[in-house]
Amino acid sequence: MDWLEDLVEKFGKRLKRADLRKSLFFYLLAAIFSVLALYLFTKNICDGWIGVLKHRYPEMEFREGNLHVDYSIGLGAAGGAWLAKTICFIYNYSIYLYIGLMFAIALFLFYRNRLYPAIRSEREALEYLLIGDYGHEFSYQSEDELGMLCIKIEALRQKLVAEKRRQWENQEDLRKINAAFAHDIRTPITVMKGYTEFLLKYVPKGKISEEQLLEKLELLKKQQDRLYEFSKTMTDIRNLEMREPESRRYRRKDIEAQVEETAKTLAAQWGKNFVFCRSAEDKERELLLDLGLVMEAVENLCQNALRYAREQMEIKLVYEKHRMTVYVKDDGAGFSPRALREASGAYYSEEKDGGEHFGMGLFICRTICEKHGGNLTLINSVEGGAIAAASFLVS
């Protein structure tokens, strides 16, 4: 009977994969067959007893159809009359009992096997989410409607985990920014303080020449400009954190034209070559995005690539179903192992003398990508040089 067990097992698996409507239909169909089987079994038993009663009590008359019995009330037939009446009742009304019982059992089994496990799992998952515990993975497996709902709840949990992780990372970045700001601002302030004290001490005594005075003033101006750029960067970061994407529809050719023009202008300023790799995609197709944010990210990527490029920078736009990715490649030395891990963080720079470069370009680009539903990926090209890939969620 192994074939029968295999058949039952296959049917059970198919029933678990079926949607709720089909599953309920199978349960009700099984209830109907059960009712018919029980009724036929009961009818056969009743027919047997009726035959016995006809033989024992010839005076009893059974009418076919809706089974009734006519009998003469007599001492000898009293017990038989009661038994015949009971058999007729079972014969006529047992089907209604079986219908109610089998359908109740079918609905109970449907609830226990198909609804309750999903409801219990969903309730537990939502309880964990309500108390802020996002670490319990929701692993209910089914292909029916409740299974799809469970998948959505698990996706919600993963999204909440990602949001919490991003909030923690943003807080950590903010802490690093504040720490870097507090640390780095001391240097220009200390320099300015030293030059100011020097001038206050020697200028009144006439012990400093005009050339030395102008030199010190020039150095003071450089430190002042550095402080200004530093504070401007902090303001830009704060504004970027508060800004929300405002998407509009743009044709692909207009997006590519703006990216190409911006990159060409920046490359000319740095005295480097620029290559724009055109795609064969439909140029008239429109994409929904915040072009201002995208161009700000592209500009930061280009500035970073041109800073380290030897001679050339390349840009390529790749379109997927709901994603646009901008690849920016330079022919420089590539990212160091540490840069691959930390370059998109705040105030990261491998230059000992940062000058006016505060190491915020890739951090700003990463923040923009995340605000636009994407991410920033840093890799080294097998041909040499660094590649930064900024992706944006579009529709």
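## Close-up views of a predicted model

**View 1. Glutamate 370 and arginine 366 sit 4 residues apart in helix H10, about one turn of the helix.** The model is predicted. The two side chains form a salt bridge, and the closest N and O atoms are 3.6 Å apart. Both partners, glutamate 370 and arginine 366, are buried. A search of the whole structure finds 3 salt bridges. The other two appear in views 3 and 4.

**View 2. Helix H10, residues 361–371, is mostly covered.** Of its 11 residues, 10 are buried. The buried set opens with Gly361, Leu362, Phe363, Ile364 and Cys365. It goes on through Arg366, Thr367, Ile368, Cys369 and Glu370. Glycine 373 follows H10. Its phi is positive, near 75°.

**View 3. Lysine 43 and aspartate 47 meet in a salt bridge within helix H2.** The N to O distance is 3.3 Å. The residues are 4 apart, about one turn of the helix. Lysine 43 counts as partly exposed because its relative accessibility of 28% falls between 20% and 50%. Aspartate 47, at 31%, is partly exposed as well.

**View 4. Aspartate 254 and arginine 251 are joined by a salt bridge.** Their side chains meet at 3.1 Å, N to O. Is aspartate 254 buried, partly exposed or exposed? Aspartate 254 is partly exposed, with a relative accessible area of 33%. Arginine 251 is partly exposed too, at 30% relative accessibility.

**View 5. A nonpolar patch lies on the surface.** Phe25, Leu29, Ile32, Phe33 and Leu36 form the patch. Together these residues have about 480 Å² of accessible area. Phenylalanine 33 belongs to helix H2, which covers residues 20–56. Phenylalanine 33 counts as exposed because its relative accessible area, 54%, is over 50%. For the whole protein, about 25,000 Å² is exposed. Carbon and sulfur atoms supply 56% of that area.

**View 6. The largest cavity holds about 50 Å³ of space.** How many cavities of 30 Å³ or more are there? The count comes to 1. Helix H8 (291–308), strand S7 (323–330) and strand S9 (386–393) are the elements that give two or more residues to the lining of the largest cavity. Lining residues include Leu301, Asn304 and Ala305. Val328, Asp330 and Phe335 are also among them. Leu362 lines the cavity too, as do Ala386, Ile387 and Ala388. Leu362 is also one of the buried residues of H10.

**View 7. Glutamate 241 lies in helix H6, residues 210–242.** Leaving aside residues up to four places away in sequence, glutamate 241 touches Thr367 and Lys371. Thr367 is among the buried residues of H10. Glutamate 241 counts as partly exposed because its relative accessible area is 31%, between the 20% and 50% limits. Where does asparagine 170 stand relative to glutamate 241? Their C-alpha atoms are separated by 9.4 Å. Along the chain, the two are 71 residues apart.

**View 8. Glycine 132 occupies the loop between helix H3 (78–130) and helix H4 (145–184).** Glycine 132 is partly exposed because its relative accessibility of 40% is neither under 20% nor over 50%. Leucine 160 is 28 residues away from glycine 132 in sequence. In space, the C-alpha to C-alpha distance between glycine 132 and leucine 160 is 9.6 Å.

**View 9. The whole protein has 10 helices and 9 strands.** The protein has 395 residues, and 35% of them count as buried. Consider contacts between residues at least 6 apart in sequence. Of these contacts, 66% join residues at least 24 apart.

Terms used: Residues numbered from 1 in each chain as written. Predicted model: local features only at pLDDT ≥ 70, side-chain atom pairs only at ≥ 80, totals over all residues. Heavy atoms only, no water. Buried < 20%, exposed > 50% of the residue type's maximum accessible area, 1.4 Å probe, protein only. Contact = heavy atoms within 4.5 Å. Areas by Shrake-Rupley, 256 points an atom, 1.4 Å probe, with all protein chains shown as cover. Patch = residues over 30% accessible without salt bridge, like charges linked within 9 Å, V, L, I, M, F, W, Y side chains within 5 Å. 1 Å grid on protein atoms, 1.4 Å probe; cavity = no way out; pocket = protein on both sides within 12 Å on 5 of 7 lines; lining within 4 Å. Points joined across faces, edges and corners; volume = space filled by probe spheres on them.
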